[in-house]
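This report describes a two-chain model from its overall form down to single strands. The sequence and structure come first.

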Amino acid sequence: MKNIVIIGNGISGITAARHIRKMSKHKITVISAETDHFFSRTALMYVYMGHMRFDNIKPYENWFWKKNKIDLVRSYVSSIQTGDKMLVLDDGSTLNYDVLILAVGSKPNKFGWPGQDLKGVQGLYSFQDLESMQQYTENIERGVVVGGGLIGVEMAEMLLSRNIPVTFLVREESFWNVVLPREESEMINRHIREHHVDLRLSTELKEILPDENGRAQAVVTNHGEKISCQFVGLTAGVSPNIGFLKDSGIETQRGIMVDPFLLTNVPDVYAIGDCAQFREPLPNRRPVEQVWYTGRMMGEVVARTVCGKKTAYKPGVWFNSAKFFDIEYQTYGHVWSQLKENEEQFYWEHRDGKKCLKFVFDKASRKLLGVNAFGIRIRHEVLDQWLNEGRTIEFVLENLKKANFDPEFFKRHESEVIDLYNRQNAGANLNLVK
Amino acid sequence: MKFIKTIGLALFLVGFGIFNASFFLNQFQLNEKIIHTYITDSPKQNLFKEQASALMDQQISPGFTFVGEVAAIFEAINEEALQSYSIKEDEIDKIIANARKGDAFSFQIQVLSEVYPGNDPVSAFKRKAFSDYGNWLDGRSFDDRETFRSNLQNVAGNIKEYGIISQKGFDTYTIKNLKYSLTKAASIGPVNDNPVKYLWLTYVLCIAGAMLYILPKIKDGPPGIKNNGIFHSAMKNVGWLGILTGTYLILFYIFLYFYPEYMTTWIIMVDPISEFLKGSEAGRFFLYGFIYTLCILVMGVRMLIKYRHSRYQMVRTVSVMFFQTAFAFLIPEILLRLNQPYFDFKNIWPLDYDFFFDNELSTLVSSGGLGIFMLVWGIALILIAVPVFVYFFGKRWYCSWVCGCGGLAETLGDPYRQLSDKSLKAWRVERILIHAVLVFAVLMTVGVLYTYFTGTGSLMGISTYKIREVYGAWIGAGFAGVVGTGFYPLMGNRVWCRFGCPLAAYLGLVQRFKSRFRITTNGGQCISCGNCSTYCEMGIDVRWYAQRGQNIVRSSCVGCGVCSSVCPRGVLNLENRDENGRFGKPILIGNDSFKVEA
């Protein structure tokens with residue numbers, strides 16, 4: 001029986017713990033400084049918005065951990081002595097391990113903006129961030145959100161849910177256009193504005209001005225404009241939370257360096273989730289993947305290795321999802337913000353401007369490479385299969401009905417999509433498979 | 001917009017205030033004509049008039065006092081009847097003395113003419129009653145005096161309990177009815193003078209106010225999930241407003257089912273509507289049906305606006321609005337107008353627990369072709385429609401598309417759906433309770449049918465009348481009404497459907513074991529956020545399944561589709577598909593390292 005210690009009770013750490021328990025009788029200890037129990041980080045916004053209580057975002061009832069013999073320790077690990085296989089906690093006590101899994105997540109980026117540490121200035125990652133956001137947004141007149149990504153748009157939605165006007169500063173000329181192609185990005189620009197968010201594209205934060213109590217009272221943009229506000233959300237990405245590993249001998253760059261088995265340079269020490277950085281990134285994948293789903297998968301994989309079934313991290317077809325206010329987004333395979341040399345695209349947008357489908361395929365082989373869906377739900381299983389099988393764009397369009405995952409009675413658009421394709425491609429005569 | 005909403009809320013509150021004030025508005029005045037109309041038996045009529053002399057032509061208010069006075073009259077009459085007509089101890093001694101034959105005692109009916117020789121009404125009654133209740137003793141001999149005495153006392157007790165009150169006084173059932181009808185008839189005052197005016201001041205004002213409050217929500221932003229602030233709300237998160245609303249609803253149901261005599265003013269107010277629809281005055285259940293239907297319609301409009309991004313929700317909402325208005329409310333009333341039996345064509349036993357009651361069956365059987373059709377239709381719903389439709393569509397075809405209880409839960413109850421308990425413990429309690437009620441309903445009905453076909457009132461020593469009475473009071477009124485709706489703001493909108501409804505249990509058994517319906521989860525897209533579980537009115541922990549990529553096949557799922565609507569990542573979908581693979585292993589797609597069975 002091994003003594004396995006997991007630092008971090010997010011999706012990666014908890015998935016690892018659950019899977020280790022399913023496969024073995026090892027002693028499992030999960031340490032977290034954040035909360036007593038695992039919660040869904042992606043759902044923090046809903047607590048702020050009053051859609052759920054904090055208890056509702058805990059995926060397992062409190063009795064679950066004891067029943068499954070997963071020991072929970074509420075503490076902060078201040079350092080790791082890998083030589084002695086020992087953790088030092090912030091109260092000075094120590095804890096030994098046979099196997100250590102680092103699932104320590106990340107923290108919001110701050111790029112040295114003047115005033116970035118004022119009261120009422122924060123990111124949104126942890127439970128503590130949620131508490132502080134609740135505290136600092138009470139009875140305020142305006143909030144400013146900085147950074148044009150998923151958390152930024154969430155924060156804007158959160159503030160609006162409490163009727164707080166929002167100014168949204170986005171450095172790029174269109175929302176999240178490092179990831180989204182132009183058409184999709186513009187659709188989201190429109191939708192953000194439809195919700196009366198004061199969206200400022202091509203606008204950067206220059207500094208945050210304090211009031212006499214050391215609290216934010218305004219931001220100044222790179223255009224010299226001063227925007228009065230009492231809360232500033234910093235959402236310009238996150239970085240692995242690795243500060244406490246400084247003298248541990250565990251190798252880090254941006255994140256904790258791992259091999260395909262999620263093993264660090266130190267034997268019996270693994271890293272998974274947001275904080276892990278692959279020495280050799282997989283094809284078409286980033287070295288640090290800070291996504292719920294990849295965190296979960298790394299947890300699933302490391303559990304096997306720890307339990308003696310050595311398994312390399314080999315994620316399948318890329319997928320992701322998000323929701324921008326009312327518009328759901330799903331993506332399968334790879335749709336880059338700019339088409340690559342070998343790529344061609346087919347784009348359909350609904351006349352209401354809130355639904356669209358983008359198909360990217362290989363020019364020569366016509367094989368589908370990726371799909372973006374906005375406002376239409378797609379069946380993961382089907383797209384996963386088609387992308388694995390290398391189906392052509394023509395096959396995909398003709399069988400599009402099979403890929404739909406919208407609820408019953410929803411308006412279907414497959415025939416419009418295929419008609420558009422036939423109009424745009426001389427000689428094409430695709431027919432929808434019923 | 002905010003201004004219009006505020007006006008709407010104000011109008012609603014004014015209308016609601018007048019409605020509640022009208023409860024106390026009328027006075028009550030008893031007169032001879034009323035007594036003659038409702039108490040037709042002339043000796044009882046005289047007794048009542050005698051006792052009521054102090055009340056006659058007096059204006060009394062509030063209703064509580066009047067009902068109290070009337071109740072006291074019945075009590076006095078019964079008391080007096082018992083006094084005069086009870087078999088006394090010394091009379092029993094006389095019988096014993098007369099029956100003595102040496103050391104033994106032999107009872108002969110003729111003895112009674114010696115004990116009660118007179119022709120006065122009291123003696124005549126006692127003679128008759130003793131021979132009716134004691135004829136089984138005729139000719140029997142007893143060796144010992146005490147046994148004989150206790151048998152005689154037994155007869156005397158039965159006469160007291162069953163004979164005197166029903167013949168010379170008023171039994172509980174009659175008192176209950178008379179309290180209501182006398183109070184309603186005795187009502188005088190502004191509501192009687194102009195019920196239509198009060199309809200305007202209450203219902204119309206409330207509906208107009210509600211609409212002004214609800215309709216502007218269409219401008220609350222683009223279509224999409226509108227759950228902001230629900231858990232910050234005093235109404236929707238068991239705050240003071242929710243507790244107040246729950247208390248009001250509970251009290252309303254207690255009055256409706258157990259003390260309708262107090263709500264006569266409200267019933268008088270809807271008399272004109274009842275006259276218009278069925279050509280006769282309203283009863284309490286007309287009032288109830290009327291309010292019920294209005295709630296479903298008004299809150300249905302709210303539902304349509306709230307979920308206008310989802311055609312599934314809109315179609316479903318229109319469906320419950322239609323079935324309530326047409327099938328539950330209008331058609332039965334129109335049938336009455338046409339001198340046909342009152343019949344709700346969409347109500348199914350055992351939810352419709354009195355479907356097999358002898359009086360109901362007799363009405364149907366004696367109502368010609370249409371009555372027989374109704375009987376066959378009702379049985380076909382139980383035996384054919386339930387299994388067939390559940391097989392193809394799941395129990396949702398009934399519970400969240402057709403049913404009246406479901407209709408109210410999905411409209412009036414929608415603001416409270418998040419209050420259902422999702423714990424594993426609650427699920428355990430649910431399974432025990434709902435199946436216990438189903439068993440109870442079936443046993444009760446077996447007893448009722450036994451009595452219908454054999455004419456015997458007791459089965460295995462238990463009175464079938466008593467069982468149906470207990471079921472009606474505790475399950476039909478208490479559980480389904482008081483708890484089922486009264487607890488909306490406290491325990492969510494499906495308390496009855498989840499823990500009590502025997503029809504839901506039956507539909508659920510079919511859904512669990514033989515159906516094409518399931519909720520599918522979408523590959524590996526779940527982020528465990530918990531919106532699905534939170535907004536599941538049936539308290540199913542949907543997320544438990546979604547996050548491990550497992551189909552949701554649960555007997556309790558009513559297929560409202562809200563889990564799918566609130567899912568931010570498009571993970572859940574209600575589907576009718578091939579039965580194969582319905583109970584598939586949980587699989588999460590996306591990790592090719594190995595096959596993940598979560």
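## A kinked helix in chain B

Helix α18 (residues 368–393) of chain B has a kink of about 45 degrees, centred on B:L381. The bend at a residue is the angle between axes fitted to the seven residues ending there and the seven starting there. Helices (H or I, at least four residues) and strands (E, at least two) are DSSP runs, numbered from the N terminus.

The model is predicted: local features need pLDDT of at least 70, side-chain atom pairs count only at pLDDT 80 or more, and totals for chains, interfaces and linings use all residues. Residues are numbered from 1 along each chain as its sequence is written, while chains are lettered from A and ligands numbered from 1 in the order in which they are written.

B:L381 is one of the buried residues of α18(B), along with B:M374, B:L375, B:G378, B:V386, B:F389 and B:V390. A residue counts as buried if 20 or more other C-beta atoms lie within 10 Å of its own, as exposed if 12 or fewer do, and as partly exposed in between, with C-beta atoms placed from the backbone. The buried residues of α18(B) pack against three helices of chain B: α17 (358–365), α19 (396–399) and α25 (502–513). After α18(B) comes B:G394, which has a positive phi near 85 degrees.

## The two chains

Two residues are in contact if their C-beta atoms, placed from the backbone, lie within 7 Å. The table sets out values for each chain.

| Chain | Helices and strands | Span of the C-alpha trace along principal axes | Buried residues |
|---|---|---|---|
| A | eleven helices, 25 strands | about 75 × 60 × 40 Å | 47% of 434 residues |
| B | 28 helices, nine strands | about 105 × 60 × 50 Å | 45% of 598 residues |

In chain A, 59% of the contacts between residues at least 6 apart in sequence join residues at least 24 apart. In chain B, residues 24 or more positions apart account for 74% of the contacts with a separation of 6 or more.

Chain A has a radius of gyration of 23 Å, which agrees with the value near 22 Å for a compact globule of 434 residues. This radius is taken over C-alpha atoms, and the globule rule is 2.2 Å times the number of residues to the power 0.38.

## Domains

Domain bounds come from an automatic or database domain assignment. Chain A is divided into domain 1 (3–107 + 239–306), domain 2 (121–236) and domain 3 (319–424). The C-alpha centres of domain 2 and domain 3 of chain A are separated by 30 Å. Between these two, 16 residues of domain 2 of chain A are in contact with 14 residues of domain 3 of chain A. On the domain 2 side, α5 (150–161) and α6 (182–194) of chain A are the elements that give two or more residues, and α6(A) gives the most, with seven residues.

The division of chain B is into domain 1 (1–23 + 197–221), domain 2 (424–503) and domain 3 (517–598). The C-alpha centres of domain 1 and domain 3 of chain B lie 40 Å apart.

## Core and interface

A nonpolar core is a set of buried Ala, Val, Leu, Ile, Met, Phe, Trp, Tyr and Cys residues joined through C-beta atoms within 7 Å. The largest one has 275 residues, and A:I101 and A:L102 have the most contacts inside it. Helix α15 (residues 284–306) of chain B gives the most to this core, with nine residues. Leaving out residues up to four places away in sequence, A:L102 touches A:I7, A:I256, A:V269, A:Y270, A:A271 and A:C275.

Across the interface, 43 residues of chain B are in contact with 46 residues of chain A. The elements α16 (311–337), α26 (531–534) and β9 (572–576) of chain B each supply at least two residues of the side that touches chain A. The largest share of that side, three residues, comes from α16(B).

## Strands

Two strands pair if DSSP finds at least two bridges between them. In chain A, β10 (residues 143–146) and β11 (residues 166–169) run parallel and are joined by four bridges. A:V145 stands opposite A:F168 in β11(A). From β10(A), A:G143 and A:V145 point one way and A:V144 and A:V146 the other way, and all are buried.

In chain B, three strands form an open antiparallel sheet in the order β2-β3-β4. Its edge strands, β2 (100–101) and β4 (141–142) of chain B, each pair on one side only. Two bridges join β2(B) to β3 (residues 104–106) of chain B, and B:A104 in β3(B) is the bridge partner of B:K101.
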